[in-house]
2 protein chains.
Amino acid sequence: MARVTIEKVAERAGVSVATVSRALRGLPNVSPKTRDRVVSVAAMLNYRPDPNAARLAAGRTRTVAVGVVAIPIWYTGQVVSGIEAVLTNQGYDLTLLLIADDFARSRALGDVGGGVSKRADGAIIVDLVPTAPERSLLAEQRVPWVMVGADCPTIDSVVIDNVEGAASAARHLLDLGHRSIGLIAGGPAAFPSSGPPQRRAGFLRALDNAGVRFDPAMERVGDFSALGGYEAMQSLLGRRPRPTAIFAMSDEMAMGAMRACHEAGLDVPGDVSIVGFDDVDWAFTVGLTTVRQDATELGAIAARLMIERLEGIACERRLITVPTQLVERSSTAPPVG
Amino acid sequence: MARVTIEKVAERAGVSVATVSRALRGLPNVSPKTRDRVVSVAAMLNYRPDPNAARLAAGRTRTVAVGVVAIPIWYTGQVVSGIEAVLTNQGYDLTLLLIADDFARSRALGDVGGGVSKRADGAIIVDLVPTAPERSLLAEQRVPWVMVGADCPTIDSVVIDNVEGAASAARHLLDLGHRSIGLIAGGPAAFPSSGPPQRRAGFLRALDNAGVRFDPAMERVGDFSALGGYEAMQSLLGRRPRPTAIFAMSDEMAMGAMRACHEAGLDVPGDVSIVGFDDVDWAFTVGLTTVRQDATELGAIAARLMIERLEGIACERRLITVPTQLVERSSTAPPVG
DNA sequence: GTGAAAGCGCTAACAC
DNA sequence: GTGTTAGCGCTTTCAC
C-alpha cells in the first residue's frame, strides 16, 4: 500500500507527469495510444490522484458545501438526499455543515475559519435567509451560492410556492364550509426562515379572499415538531368557541395536533379538521390531508444549478419554483352543525 | 479580497512563515509576545489558512467521511446529527457519502476514486456490514474506521443491543398475555444490515423462553417504510387465525401496520396490539408502544471514538453498546377473549 | 502531441 | 525561540 504517485505512473508509462495528468483527466492533446497506455498503467498500479494536491494546484476542490439548519427533520433529509445524488453523480464531494447556532452560522455564511470558499467550490444553503451583511460577505467570497427554500435576491434560489401551498390548504378548508380556522405556525426554529411567514400570508389571504375573518387569537406557534404541534393544539382547544379546523405548517405539528384532539375526546375530522404541510412518508397512516412538496427534487435542482455555475454554464440569476399539491385524505371534512 | 497567504502575514509581523504557522496553531516554542503579534497581524489581514495546502503538507485532512445507506430516514438523520455535532466541535469537517448502490458502496468502502483514505483521515460507516473482502480493503487503507449499528470484528463499533431490545418488546407482549404474535421484519434495504436478523433472533428467543411457539407464517418483511409495514400487515391480516399482536422492527412500519388494522376495521390495541422500534419523535402522537434507541448518542459516541483514534489516544478495538428502553404507550393491551 | 519546470500555500525537519 | 529549507503531489503555462 505504498503511496503511488503520478510520478511513478509517468515513469512506468515512459511519459512525463504532465502527460499522465492530461491523459487521466481526458484532456485533449494526447494521442490515443499514449492515453491507453497511461490509463492501463495507472489501473495496474492502482493509482489514485491525491485530491488535496489536485486542489492546491488547480485551486478547485470539486467539493460543494451544504449548510442545513437541522438534519434530523424529514424535509432536510430529503433535500440533502436530492443534493447528494446529483453531486456524487457529477463527481463532486459534499461537505455537510450543520448550522445550529450563531457561531456555526457565521462559519458557514461568513468567513470564520476560512469561510466556505477555500474548502469548497460553492455552497448550497438550505432554509436560511441571509441578512444584508451576510449577503455582502457571500458576495465577497468568490464562489457561487445556491439557496434552497429562501428566495434570496441576486442569489440562485430554488423554492416552493409557500403562499400558494398554504392558500390551497386554506381554500380546501373553506370549501368544506369551515369558517373558524386555527393556525399552527412554525417558528422559532434556530433561525427565522421564509417558509412560515409566507405560509401565513397565503393562509390569511385565502381567508380574506373568501371574506372570512381570521381571529388572531386562533394562532399558535409550534416549533415544527410533533410536540410543538401538540402543545399548540392544546392551547387552541382551550378557546371558546374552538376552531372547527386547523392548518398546521408541517405534518409533524399536524400529527401532534391530532393527538391533542384525541386526548380531548374530539374526533378528527368529525369535530376538528386538520391539514398539514409536507406529505411525509407516513402521513397516509393517519390519513392526514396535507400539502405535498417534493423536497428531494428541491435538492436535486439546487445541485444542478450549482454545477452549472461551477462549470461556467449559467449566467443570470435564476429563481426556480417547484409546485406544491394538495393531497386530500381523511383528516378533513365539513364542519358539523 | 486578494489571497492573503501565510507569507504576507510573516512579512508584516516581521517573522518567518514557520513561526506564523506555529503561532497560529498554538504550538509550543513561540514566545508570548511573538504569538500575540502574529495573531493580531493575522486577524488584521483577515488571514485564513488554505486547508488544502495544509492537508497536502501535513498529510492530514481534518476531515472524516461519513457513509450512510439512506439519509432521509429518522434514524440516519439522528446519527449523522450526533456525529456532526462532535466533529464540528473538534474542528473536523464532515464529508457525507450516500451509499445507495454497489458502486457507491465500493467507492466508500473500497478504494475506487482514491477511496476514503486520501480525502478523509478516517471514516464512520452507518449500518453497513462490510464483507470479508471489504474488511481487508479497509485494513489496507491506513485510516481508522468506526462502524455504527454493526458489530464488525477488529473495527471499533458502536451498536445497540438489538437482541435485547427486540426481546423486551416480545416480553412486553407476552406479559400482556399474547400468544399469537406476528413479526414485521425489516429488509431488504439496499444492503443487508445486522439489525433485522438480531432483532428477529431476540424476538424469537423471548418467545421460546416463554414456551411460545412462533408460527413462521406469521412473519412478513417490510422495507422499513410506512408503506412496507402497511402492506405487510394487510398480508398478515389475511391469515386465520390472525395474530393478536405485532412486533414491527421500526416505528414507521408499525404505523403502517396500524393503518392497515384500522382499514380492516380492527381496533388497536383492542383487537391487535402493536409494538414498534426506534421511538421516533412523533411516535407519541399515535400512542405507539416502542423500543427507544438514542440514535443521536450513537453518532456522538462514534465521532468520539474516531477522534480518539485520530489523536492517537486509543489502542485496542472497542465495542460500545448503547442500551435500549421499552416505552409503553397505548398501542398495546391484553388480548381479548 | 509531449516534456520541463514553476509553482499552489502550507508543514516539518533541522539548524542555529 | 526562531529561521531556513525541503518538500507534499498535483496542474499548468510555455517551449519544442
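Visitor: How do the residues of the surface near DNA strand C divide into nonpolar, polar and charged?

Guide: Bear in mind that this is a predicted model. On the surface near DNA strand C, 15 residues are nonpolar, seven are polar and three are charged.

Visitor: And which residues are the closest to strand C?

Guide: Out of 25 residues that surround DNA strand C, the closest are A:Ala18, B:Ile6, B:Ala18, B:Ser21 and B:Ala57.

Visitor: Which helices supply at least two residues of that surface?

Guide: In chain A they are helix H2 (17–25) and helix H4 (51–58), and in chain B helix H2 (17–25) and helix H4 (51–58). H4(B) gives the largest share, with five residues.

Visitor: Now the other strand. Which residues come nearest to DNA strand D?

Guide: Those are A:Ile6, A:Ala18, A:Ser21, A:Ala57 and B:Ala18, out of 26 residues around DNA strand D. H2 and H4 of chain A, along with H2 and H4 of chain B, each supply at least two residues of the surface near this strand.

Visitor: How many residues of the surface near strand D are charged?

Guide: Four are charged, next to 15 nonpolar and seven polar residues.

Visitor: Let's move to the protein chains. How many residues of chain B are in contact with chain A?

Guide: 46 residues of chain B are in contact with 45 residues of chain A. On the chain B side, H4, helix H5 (74–89), strand E2 (93–98), helix H10 (226–237) and H11 each supply at least two residues.

Visitor: Which of these has the largest share?

Guide: H5(B), with seven residues of the side that touches chain A. By class, that side of chain B has 20 nonpolar, 13 polar and 13 charged residues.

Visitor: By what turn can chain B be laid on chain A?

Guide: A turn of 180° with a shift of 0.0 Å along the axis lays chain B on chain A, with an RMSD of 0.1 Å. That is the relation of a two-fold axis.

Visitor: Which C-alpha of chain B is nearest the axis?

Guide: The one of B:Thr95, which is 2.2 Å from the axis. Both copies use the same surface, as 98% of the contact residues of chain B recur in chain A.

Visitor: Switching to domains, what does the assignment give for chain A?

Guide: Domain 1 covers 6–57, domain 2 covers 61–159 + 295–322, and domain 3 covers 162–292. Between the C-alpha centres of domain 1 and domain 2 of chain A, the distance is 33 Å.

Visitor: What is the order of the open sheet of six strands in chain A?

Guide: The order is E7-E6-E8-E9-E10-E12, with mixed pairing. At the edges are strand E7 (219–222) and strand E12 (325–327) of chain A, each pairing on one side only. On average, neighbouring strands of this sheet are turned by 20° against each other, direction ignored.

Visitor: In what sense do E6 and E7 of chain A pair?

Guide: Strand E6 (residues 181–186) and E7(A) pair in the parallel sense, over four bridges. A:Leu183 has A:Glu219 in E7(A) as its bridge partner. Helix H9 (residues 195–209) of chain A packs on the sheet, where this helix touches E6, E8 and strand E9 (273–278). The direction of H9 makes about 165° with that of E6(A).

Visitor: What about chain B: which residue stands opposite B:Ala185?

Guide: B:Val221, in E7(B). Strand E6 (residues 181–186) of chain B pairs with E7(B) in the parallel sense over four bridges. Helix H11 (residues 251–263) of chain B lies across E6, E7, strand E8 (245–248), strand E9 (273–278) and strand E10 (289–292), and runs at about 155° to E9(B).

Visitor: Last topic, the backbone. Which residues does the cis peptide bond in chain A join?

Guide: A:Arg240 and A:Pro241, with omega about -5°. A:Pro241 is in the loop between helix H10 (226–237) and strand E8 (245–248) of chain A. In chain B, the peptide bond from B:Arg240 to B:Pro241 is cis, with omega near -5°. Most peptide bonds are trans.

Visitor: And what is phi of A:Asn29 near?

Guide: Phi is near 65° there, a positive value in a residue other than glycine. A:Asn29 sits in the loop between H2 and helix H3 (32–45) of chain A.

Conventions:
Residues are numbered from 1 along each chain as its sequence is written. Chains are lettered from A and ligands numbered from 1 in the order in which they are written. This is a predicted model: local features need pLDDT of at least 70, side-chain atom pairs count only at pLDDT 80 or more; totals for chains, interfaces and linings use all residues. A residue is near a molecule or strand if its C-beta atom, placed from the backbone, lies within 6 Å of it. Ala, Val, Leu, Ile, Met, Phe, Trp, Tyr, Cys and Pro count as nonpolar, Asp, Glu, Lys and Arg as charged, and the others, Gly among them, as polar. Domain bounds come from an automatic or database domain assignment. Two strands pair if DSSP finds at least two bridges between them. Two residues are in contact if their C-beta atoms, placed from the backbone, lie within 7 Å. Axes are lines fitted to C-alpha atoms, for helices over the stretch in contact, and angles run from 0 to 180 degrees between N-to-C directions. Copies are superposed by least squares on the C-alpha atoms of residues with pLDDT of at least 70 in both.
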